[in-house]
Amino acid sequence: MRKFLIIVSLFFVVLGIVFTALPLGTIAFLPVGLAIVTAALLIFISKPEQRKFPKWILLAGLLTLLSIMGKVVFIQDKIETDKQFEQQKIDSKKQDVKDLEGL
Amino acid sequence: MKRYLLAFGALLIAGFCFSQIKPNEKLTYAASYNMSGLMTQLAQVTMQTETVNTSKKSFLHLSLEATTFSKWDKFFKIRDLYEAYVDPLTLKSSLYKRNINEGGYIKNEKYIFEPDGKSINSTTKHKDGSETKKSFRIGSSTQDAVAIVYRLRTIDFSTFKPGQTTSFVMVFDEKEYPILVKYMGLENVPAGNLGKKQCYKISISAKTDKLKGIDKNLIWLTADSKKIPALVRFSIAVGTGQLALTNASEN
C-alpha cells in the first residue's frame, strides 16, 4: 500500500509540474491536488522514520500549487493580434457591403 | 390626415419593436470551458455593433467573435466569427455569416435573406475551396442566431412573471429551430466593469441536440434599459462552459 501510494503521489507531482510548465491554466490544480492528498495520506500511514520522503513529495506539491496560483493571479490572458484573421475580416466586410447593395 | 395617422401608427409600432441596440457598442467576455470539473479560461468573446451604410439603406452590423487566448493557440486555435446585418429598428436579418476555424475545422456559411423575408440563399464554402449554393424557404419571423441574441435584449422582461415564456424561430445549419425563452426571475451577478448588477435570469431551450439539459443554457441580462448580457452559461454537446462579461463600452 505504501509503495503504491509513493508511485501514485510521485506520478501526480510530476504530472502537476508538467501541467504547470505548460499553459494549461487551472487544469494543473487537479494532479497537484491529488499529489498533495496522496502525499498527506502517505505521511499518515508511514512510520515516523519513513516520513522524510513523503514530506518532500508534499513540499513539492505545495510549491507547485503556489506557482499555479501565482500564474493564475499574476499572469493575464492575452489575445495575440492575428494579422491573417484581421485581413480576412476586412476583405469579408467589403464583400458584405457588395452583397447588401444587391438587396 | 390619414397619412399622418399611418405615419404615427408606424412610429408607434417601431417604438414597440424599437431595438435598444445601439451602434458602437462593444462587449467583451472571458469564455471558460469546464475541463475535468474545473472552469478554465480559454478564449475571449467580443460582441460588437456598428452602422454599415450602402447606397440604399443603413444596416446594423452585429458581430460575435471568439478568439482563443494566445497560450492556447498552439494547442487548439479558435477564430470564430458570426456576423449579421440587420435592420437597425426591427433587427430583421438581411445577411448572416458564420466563419468557423476551430483547431483546423473550417466552416464558412453565408445566408442572404430575400427582401420578402420568406427565403434564404445560402452559400457554404468548403475547405478545398468549392462552394455549395442552396435556396430554402423560411417563416417570415425566422431570424439568424446572432440577431436572436440581440433580439432577446429588446424584450421587456420587467412585465414577465417567473416561468413566463416567449418564443423565436432561429435558422441554423439551414434548418429552422423553435427557441423557447423562459424568464426565471431576478438575480445579482458580477458584470465586469459595470460591477455587480441585478439581472433578468433567462433560460433558453430548443428542440435540437445542440443544447443539452433543462434550464442548463442560461443568460443573465442586466435589469436596465440596455439589457447587457452579463453572464452566459451553456451546456452543449461537447461540454459546459460560461461567458463572463469583463468589459462593456460604448463609443
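## B:Thr222

B:Thr222 has a relative accessibility of 1%, so this residue counts as buried. The cut-off for buried is under 20%. The model is predicted. B:Thr222 sits in strand β13 of chain B, which covers residues 218-222.

Its contacts fall into two stretches of sequence. Neighbours within four places aside, B:Thr222 is in contact with B:Lys197, B:Gln198, B:Cys199 and B:Tyr200, and also with B:Lys227, B:Ile228 and B:Ala230. B:Cys199 is 23 residues away along the chain, yet the two C-alpha atoms are separated by 4.2 Å. On the polar side, a side-chain polar atom of B:Thr222 lies 2.8 Å from the backbone nitrogen of B:Ile228.

## B:Glu25

B:Glu25 belongs to strand β1 of chain B. With 4% relative accessibility, B:Glu25 counts as buried too. The side chain of B:Glu25 has a polar partner: the side chain of B:Arg153, at 2.8 Å.

Residues up to four places away in sequence are not counted in what follows. B:Glu25 touches B:Met47, B:Gln48 and B:Thr49, then B:Tyr150 and B:Arg153, and finally B:Ile228, B:Ser249 and B:Glu250. B:Ile228 is thus listed for B:Glu25 and for B:Thr222.

## Chain A against chain B

The contact draws 35 residues from chain B and 24 residues from chain A. About 2,700 Å² is buried between the chains, and carbon and sulfur atoms give 60% of that area. On the chain B side, B:Leu38, B:Lys71 and B:Arg79 supply 18% of the area buried against chain A, more than any other three residues.

## Largest pocket

The largest pocket holds about 1,700 Å³ of space. Its lining has 47 residues. Nearest the centre lie B:Tyr82, B:Leu211, B:Phe234, B:Ile236 and B:Leu243.

What is the make-up of this lining: nonpolar, polar or charged? The lining of the largest pocket divides into 37 nonpolar, four polar and six charged residues.

## Second largest pocket

The second largest pocket has a volume of about 600 Å³. It is lined by 24 residues, and those nearest its centre come from chains A and B: A:Ile75, A:Gln76, A:Asp77, B:Gln41 and B:Lys71. Four elements give two or more residues each to this lining: α3 (52-74) of chain A, and β1 (25-35), β2 (38-53) and α2 (70-73) of chain B.

The lining of the second largest pocket consists of nine nonpolar, 11 polar and four charged residues. B:Lys71 appears near the centre here and among the three residues named for the buried area of chain B.

How values were computed: Residues are numbered from 1 along each chain as its sequence is written. Chains are lettered from A and ligands numbered from 1 in the order in which they are written. This is a predicted model: local features need pLDDT of at least 70, side-chain atom pairs count only at pLDDT 80 or more; totals for chains, interfaces and linings use all residues. Side-chain values use heavy atoms; hydrogens and water are left out. Buried means under 20% relative accessible area, exposed over 50%, partly exposed in between (1.4 Å probe, protein chains only). Contact means heavy atoms within 4.5 Å. A polar contact is a pair of N or O atoms within 3.5 Å; within protein, one must be able to donate a hydrogen and the other to accept it, and residues adjacent in sequence count only if both atoms are side-chain atoms. On a 1 Å grid over the protein atoms alone, a cavity is a set of points where a 1.4 Å probe fits but cannot get out, and a pocket is an open set with protein on both sides within 12 Å along at least five of seven lines; lining residues have an atom within 4 Å of a point. Grid points are joined across faces, edges and corners, and a volume is the space filled by probe spheres set on the points. Ala, Val, Leu, Ile, Met, Phe, Trp, Tyr, Cys and Pro count as nonpolar, Asp, Glu, Lys and Arg as charged, and the others, Gly among them, as polar. Buried area is the accessible area (1.4 Å probe) that two parts lose on being put together, summed over both.
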